[in-house]
Each structure stands twice: as C-alpha cells, then as structure tokens.
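Biologist: Please give me a close look at the pairing of opposite charges in this one, and then work outwards from there to the surroundings. I'd like to follow along on the screen.

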Amino acid sequence: MIEIRYGSLSSPRDVLRLAIFWSTFGILGGSVVGFLLGARSGDDFRKSVLAGLLFASTLGVAIVAAQWVRPRWIPQEPAAADRVRLADVGLRLAVTLLAAFAGALLVDALVFPGFLRNPRTMGSILIYMIAGAALFMAIDYAARFQRIYRARVRSEEQYKARVEEEMRTAAAIQHALLPRPLQGDGPLLIAGRTIPSRTIAGDFFDHFEIGEGSLAFVIGDVAGKGPPAAILAAVIQGMVATLVSAGGTPRTILERLNQALLRRMAESRFATLVLGIVDPAGRMTLANAGHPRAVLVRGDGSTARLERGGFLLGVFGQPQLEDEVVQLAPRDSVVLFSDGVSEARNGSGEEFGEARVLAAAAAARELRPERALEALLDEVWRFKGGTPPEDDVTVLVLRYHSNSPERPDGGRGD
C-alpha cells in the first residue's frame, strides 16, 4: 500500500514527496483548467501550467500550515469528539478556500492580469475553489485514515506476534511440567502424553514416587480450552502433588482438593480427575471424580473398566467419591485417558468410543507404556482420518511387572 503524505515535512523524503505531489497536481490541474477555459496555443498552456503551479503551491503551503496549526487551535478532547471533528472540518475547509483565493490573486497578478474581473472567469474560479476544497479535504482525510489504518494493522500484528510468542512460551513451560516416563528395573512403569487442541492444554497428567516404592499418578481435565484452562490445570497439578505428600487415600485427597477448589475456583469452572496410588506389590487404590473410567488390561488380554466414581470437582460440596482397590498381577496394565480420546470424531461425526479404547489397549498390552500409548493414539488418528483434534487428548499408561526377573517389555524388544 502506498502511503499518502502530501502534508508532512518530518523528513527530507517527505519534502521531496511533497514537492513532487503538488507540482504534478499543479501541472495536470493547470493544463486541464486552461483547456476548459479556452487555452489552445503553446503560450496559453504554458501560462495555464504556471497558474496551476501557483495554485498548487499555495494550497500545499496552506495545508502544511494547517497540519501545524491544528493541534494548537483544536486540542484533543475525547469527551467532545463530535465537536472536535466539526471544528477540524471547518478549519480545513476555511484554510483550503482561503488558499485557493490567495492562489487566484497570485495568478491574477503574475500570469493573467485582470482575469478576476471577468464574471465568467470568477464563476469558474469559484466552482474550482469549492471543488478543490472538497477534493483536498477528501485526500487529506483519506491520508489520515490510511495512516491510522496502517498504525492499527502494525499494532495488531505486533500484538498478535507477542501473544503467539507468549503462547509458545506457555506451551514450553507446560510441557516442562509434565513428568518423563518412569522406566528402569522397578516393578512399575508409567508414561503419559498430552496433545493440546490449541497451543496449550487444559488436560494434564502427573506421576511421582512416594514412600517405600509406591507410585502416585493422576490424570485430569479442566473445563474449557486455552490459557484459562491451562493455568487452572497447572494449579491443580501442583495442588495434587502437595496433597498427596500429606498422605491419605485417593478419595480423601480428592475431597480435600475439592474443598480447595470450591474456595478458589471461578464460576462455571470445574475439573475431572482420576487419582491412583499403587504399591510395589501391585495393590492399586484409585478414585475417580467425573473422569472417563480407567481401563484395566490383564496380561491375558482381557479388559475391564473400573466402574466406581463420583462427581466432578469444584462444583459440589460432597462429590460422592469412592476408593476402588484392585490387585494387579504381573504384566497387567492400567490405561487412563481424557474424553478427547473416547469422544474423538471422524469425518462422519462418529465417536471413537470406549469400546475402541478397550480394543486398542488390549492389542498393545505387551508393549512398554510409552509404546502402548503411542499405539492407542495412532488408532485415534487413523479413526479421525487426519482431522485435527476438537479437544485436548491425554493418555496415561501404567504397567506392573512385579520384582520378578522377567523383562519389563514382556519378553519383547519393542
């Protein structure tokens, strides 16, 4: 876009642009007006061009002067915008008309002596003065609008770039808060992954070792998307770690978390969570607060959903939670997921569904947790057919293999 700055002298380039603009306007305008007034010979056209340059120079100087005078005569008053706008229009109209009349006097004195005494010429000059005033005001306001628009676009682009950079930073911080897969020769292996539907997610997972080789794990989903949900997810993730370290069963820990959220949670915000604690002997205690039910995959390929659960957190004073105790056998796995997995839709609007989750979890039962969750996610993406996720997607896979010398991957090198 070419910026019109015919009324600015803020730099040498502006001065040159000003001279070119008004000289061009004067030459073209003088030639056209001279022709309309009867100029046909070369000498007549030369005088008409000279007259046009005088007119244009006078108008240019006057409009530049108006640019300088305007803020001193018409102070900016946001509360009286209409009055300021009316005064601005009046000032520019008066300056343009006076400049046009001054230009006419110069032409009468220097180029066409006595032409103002001709009534026909005076009528034509009056018409050109009015038309010129309207034209210059239109150009002036178009230039001002262009400058404002360009400044607004630059401001919006800078704001958008800053927001995108902040979102990338937030995503990197959020990713750093997520734990790495638990590997090694211990009895418990665990891995998780979150895929945001936007730059940052309202889903989260965490796992950490607690006393005497036990492992606590949690998966959660905060209502909403984007920064508000992500901030709340990070807060809840930290609160869970603090409450778990204070001791108690998953049910009592989630009840304390619910009370804390009721005191701090904004209206219309809530969260669903599954919190579990498993010891080295494979005894797992799990509580579900409104989250999709965890899937238990036995070593022989049979599957079951852990049915006990309660209400979501941050809404009810008594979420009606229960502890569910399950004894894991060697090679058993527990698969936890957010509703972004089970409710993923394909192009026909069909949901992936919990039945497909169970089938995919059973098919990946011999894989290490980090490979098993990738296999489940691959099934989800294949089902969706390449369409982007509508909701955050989170999967957490726990595998128990006891302290026997059996390989953690069930004898496979996957």
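Modeller: What follows starts with charged pairs and then moves to strands, cores and helices.

This is a predicted model, so a few ground rules: local features need pLDDT of at least 70, side-chain atom pairs count only at pLDDT 80 or more, and totals for chains, interfaces and linings use all residues. Residues are numbered from 1 along each chain as its sequence is written, and side-chain values use heavy atoms, with hydrogens and water left out.

For orientation, the chain has nine helices and 10 strands (DSSP runs numbered from the N terminus, H or I of at least four residues for helices and E of at least two for strands). Of its 414 residues, 43% are buried, where buried means under 20% relative accessible area, exposed over 50%, and partly exposed in between, with a 1.4 Å probe and protein chains only.

Now the charges. Side chains of opposite charge can pair when their charged atoms come close. I call it a salt bridge if a side-chain nitrogen of Lys or Arg is within 4 Å of a carboxyl oxygen of Asp or Glu, and that rule gives 14 of them.

Let's zoom in on Arg331. This residue sits in the loop between S8 and S9, and has a positive phi of about 80° even though it isn't a glycine. Its partner is Glu366, with the closest N and O atoms 2.2 Å apart. Glu366 is in the loop between helix H8 (353–363) and H9, while Arg331 is in the S8–S9 loop, so their salt bridge ties together parts 35 residues apart in sequence. Which partner is buried? It's Glu366, at 16% relative accessibility, whereas Arg331 is partly exposed at 27%.

Just along from there, Ser333 is in strand S9 (residues 332–337). With 6% relative accessibility, Ser333 counts as buried. Setting aside residues up to four places away in sequence, Ser333 touches Val295, Leu296, Val297, Arg365, Leu398 and Arg399 (a contact is heavy atoms within 4.5 Å).

On the other side of the Arg331 loop is strand S8 (residues 324–327), which has Glu324 and Val326 on its covered face and Val325 and Gln327 on the uncovered one. S8 pairs antiparallel with strand S5 (residues 283–289) through four bridges; strands pair if DSSP finds at least two bridges between them. Gln327 of S8 is the bridge partner of Arg283. In the loop between strand S7 (303–305) and S8 you'll find Gln320, another non-glycine with a positive phi, about 60° here.

Back to charges, since there's another link between distant parts. Arg193 and Glu374 meet in a salt bridge at 2.9 Å, N to O. Arg193 is in strand S1 (residues 188–195) and Glu374 in helix H9 (residues 369–384), 181 residues apart. Arg193 is partly exposed at 35% relative accessibility, and Glu374 is partly exposed at 29%. There's also a network of salt bridges linking Arg293, Arg305, Glu307 and Glu354.

The Lys47–Asp43 pair is a local affair: the closest N and O atoms are 3.7 Å apart. Both residues are in helix H2 (residues 42–73), four residues apart, or about one turn of the helix. Lys47 is partly exposed at 26%, and so is Asp43 at 37%.

What about the nonpolar side? A nonpolar core is a set of buried Ala, Val, Leu, Ile, Met, Phe, Trp, Tyr and Cys residues joined through side-chain atoms within 4.5 Å. The largest has 26 residues, and those touching the most other members are Ile236, Val240, Leu254, Leu257, Leu273 and Leu313. S5 is among the elements that each supply at least two residues to this core, as are strand S2 (203–209) and helix H5 (226–245). H5 gives the most, eight residues. A second, separate core of 24 residues includes Val295, Val335, Val357 and Phe383; Val295 is one of the residues Ser333 touches.

Last stop, helix H1 (residues 12–36), where Phe35 sits. Gly26 is in H1 too, and is buried at 1% relative accessibility. Beyond residues up to four places away, Gly26 touches Val49, Gly52, Leu53 and Ala56.
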